[in-house]
Amino acid sequence: MYQIRTYNKISDKGLSRFSKDQYNVGEDVGQPDAVILRSQKLHNEPLPESVLGVARAGAGVNNVPVEEYTKKGIVVFNTPGANANAVKELVLAGMLLGSRGILQGKDYVNTLGDMTDAGEMSKLLEAEKKRFAGSELAGKKLGIIGLGAIGSMVANAALALDMEVLGFDPALSVEAAWRLSSNVRRMESVQALLSQVDYVSLHVPAIEATRNLINAETLSVMKPNAVILNFAREAIVDASAVVEALNAGKLGQYICDFPEPCLIGHDKVVALPHIGASTAEAEENCAVMAANQLMDFLENGNIVNSVNFPHTVMARGEGGCRITFTNENVSGVLGNVLSVFAANNVNVIDMVNKSRNDVAYNILDLAEKPSEDVIAALKAVEHVISLRVI
Ligand SMILES: NC(=O)C1=CN([C@@H]2O[C@H](COP(=O)(O)OP(=O)(O)OC[C@H]3O[C@@H](n4cnc5c(N)ncnc54)[C@H](O)[C@@H]3O)[C@@H](O)[C@H]2O)C=CC1
Ligand SMILES: O=C(O)C(=O)COP(=O)(O)O
């Protein structure tokens with residue numbers, strides 16, 4: 001029986017992928033082989049030694065200590081693109097909230113609870129509505145920082161709304177580039193983009209390079225009525241610098257999915273409780289993808305959509321036994337492992353060896369299951385971090 005520990009609200013559609021006769025799944029699972037989670041922060045959470053893999057049902061992995069896990073040989077997965085449409089739709093809603101007096105108009109209407117005469121109400125509303133006039137998105141300039149799964153969807157949707165779209169992403173993948181309309185104007189720097197746009201939407205991961213990407217200095221080049229949309233992460237924006245710019249009339253609005261104390265109640269801020277991916281569809285997509293990836297990893301050793309391990313897949317062949325192992329990415333380890341097999345007359349039928357940064361991962365199909373002594377000898381090979389017999 002494989003043991004899977006869950007954190008957060010993981011869609012049943014995903015969890016039901018784990019068959020009951022092979023998997024024990026739940027929040028209280030004691031010695032988990034794997035963990036499936038959403039935004040639960042694992043940095044200060046002691047992880048049992050038994051864990052082989054951690055699947056983030058979602059995109060951002062800043063809640064997982066990836067580097068530390070890599071050293072222990074723990075594979076971290078995410079679900080690229082599975083919630084991108086949900087975020088795109090909320091960003092569009094955010095832009096509309098920023099362009100029209102929707103929330104202000106609604107709040108005003110709700111103050112009229114004491115009125116009883118519909119005719120009077122109508123007259124009053126027609127007189128007051130000029131306070132809630134806005135402007136259209138069509139023709140405005142939207143800058144997008146980070147053109148991956150979400151950013152490229154936002155870009156294409158904004159073009160369909162007749163906006164002009166400028167993009168900045170120095171590490172754009174070939175796959176993302178294919179998804180992106182050629183009408184997106186490529187910018188060479190964050191500053192160049194910010195200085196031109198009416199709206200800017202952030203879609204970068206929270207990493208050291210993007211910490212406080214929006215700060216007092218970058219804010220200073222923006223148009224005074226510009227709107228910043230942050231549906232990426234709290235750490236990417238210096239919220240106190242944003243509040244200062246809003247108060248000084250140097251920024252129009254801040255619309256985000258990450259409320260902080262200094263933002264609460266500000267009339268130029270719309271802050272939502274991190275609901276970008278909170279749709280039934282996105283929750284299902286993420287959970288199903290995470291569950292499928294974990295099952296393939298636990299049952300076959302295959303690694304798809306990992307953020308710290310190489311993509312490694314080998315079809316199951318005739319072999320009687322599959323071994324997977326992780327080693328430090330230094331020369332000679334695979335040779336030493338194969339020598340152990342040779343010395344013990346174990347026939348290797350098929351194998352794949354891949355590396356990524358400091359780790360290498362290997363899948364080997366053997367004619368038959370090696371003895372416990374051979375397995376112990378394999379585990380003792382210098383630089384082997386972990387080894388599994390499947
Ligand atoms: N509000 C919410 O509920 C959600 C928030 N997110 C956040 O959005 C982020 C992006 O998600 P996806 O688009 O799915 O990820 P993705 O990995 O497909 O795209 C990220 C893009 O950012 C680019 N990038 C990295 N560093 C950059 C930099 N310094 N400057 C400009 N571009 C840079 C990458 O090249 C990549 O194209 C996630 O990391 C997560 O933090 C994601 C899903 C839901
Ligand atoms: O996928 C992401 O990066 C998200 O931020 C979504 O977070 P959630 O799964 O809704 O807690």
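Let's start where two helices touch: Val 337, Val 340 and Phe 341 in helix α12 meet Val 374, Ala 377 and Leu 378 in helix α13. Sorted by class, this contact has six nonpolar, no polar and no charged residues. Please keep in mind that this is a predicted model.

## Two helices side by side

Helix α12 covers residues 333–343 and helix α13 covers residues 372–379. Their axes are 10 Å apart, and the helices pack at an angle of about 160°. Angles over 145 degrees count as roughly antiparallel, and α12 and α13 are therefore roughly antiparallel to each other. The crossing of α12 and α13 is right-handed.

Looking at α12, you may notice how its contact residues are spaced. An α-helix has 3.6 residues a turn, so residues three or four places apart point the same way.

## The whole protein

Now step back for a wider view. The protein has 390 residues, and 47% of them count as buried. Its secondary structure comprises 13 helices and 16 strands. Taken along the principal axes, the C-alpha atoms fill a box of roughly 90 × 50 × 35 Å. Among contacts with a separation of 6 or more, 63% come from residues 24 or more positions apart.

## A sheet of seven strands

In what order do the seven strands of the open sheet lie? The order is β8-β7-β6-β9-β10-β11-β12, and the pairing is parallel. At the edges are β8 (185–186) and β12 (269–271), each of which pairs on one side only. Strands of a sheet pair through backbone hydrogen bonds, either parallel or antiparallel.

Follow one edge to see the pairing residue by residue. Strand β7 (residues 164–168) runs parallel to β8, and two bridges join them. Gly 167 has Arg 186 in β8 as its bridge partner.

Helices accompany this sheet. Helix α3 (residues 84–99) lies across β6, β9, β10, β11 and β12, and runs at about 155° to β11. Helix α10 (residues 239–247) has the buried residues Ala 239, Ala 241, Val 242, Val 243, Ala 245 and Leu 246. What do the buried residues of α10 pack against? They pack against α9 (216–219), β11 and β12. After α10 comes Gly 249, with a positive phi near 70°.

## Strand β1 and its partners

Strand β1 (residues 2–6) is mostly covered, with four of its five residues buried. It pairs in the parallel sense with strand β2 (residues 23–26) over four bridges. β1 also pairs in the parallel sense with strand β3 (residues 34–37), over three bridges. Ile 4 is a good residue to find here: its bridge partner in β2 is Val 25, and it stands opposite Ala 34 in β3.

## Residues in the loops

Loops deserve a visit too. Here are four loop residues and how much of each is accessible.

| Residue | Loop between | Relative accessible area |
|---|---|---|
| Asn 83 | β5 (75–77) and α3 | 7%, buried |
| Asn 305 | α11 (280–300) and β13 (321–328) | 27%, partly exposed |
| Asn 345 | α12 and β14 (348–356) | 73%, exposed |
| Ala 380 | α13 and β16 (384–389) | 61%, exposed |

Why does Asn 83 count as buried? Buried means under 20% relative accessible area, and the value for Asn 83 is 7%, so Asn 83 counts as buried. Leaving aside neighbours within four places in sequence, Asn 83 is in contact with Gly 58, Ala 59, Ala 277, Ala 282 and Cys 286.

Two of the asparagines in the table have a backbone feature to look for. Most residues other than glycine have a negative phi. Asn 305, however, has a positive phi of about 60° although it is not a glycine. Asn 345 also has a positive phi, near 55°.

Finally, Ala 380 gives a feel for distance. Ala 380 and Ala 291 are 89 residues apart along the chain, and their C-alpha atoms are separated by 32 Å.

Technical notes: Residues numbered from 1 in each chain as written. Chains lettered and ligands numbered in written order. Predicted model: local features only at pLDDT ≥ 70, side-chain atom pairs only at ≥ 80, totals over all residues. Heavy atoms only, no water. Axes fitted to C-alpha atoms, helices over the stretch in contact; angles between N-to-C directions. Parallel < 35°, antiparallel > 145°, perpendicular 65-115°, else oblique. Left-handed = near helix turned anticlockwise from the far one by under 90°. Contact = heavy atoms within 4.5 Å. Nonpolar A, V, L, I, M, F, W, Y, C, P; charged D, E, K, R; others polar. Pairing = 2+ DSSP bridges. Buried < 20%, exposed > 50% of the residue type's maximum accessible area, 1.4 Å probe, protein only.
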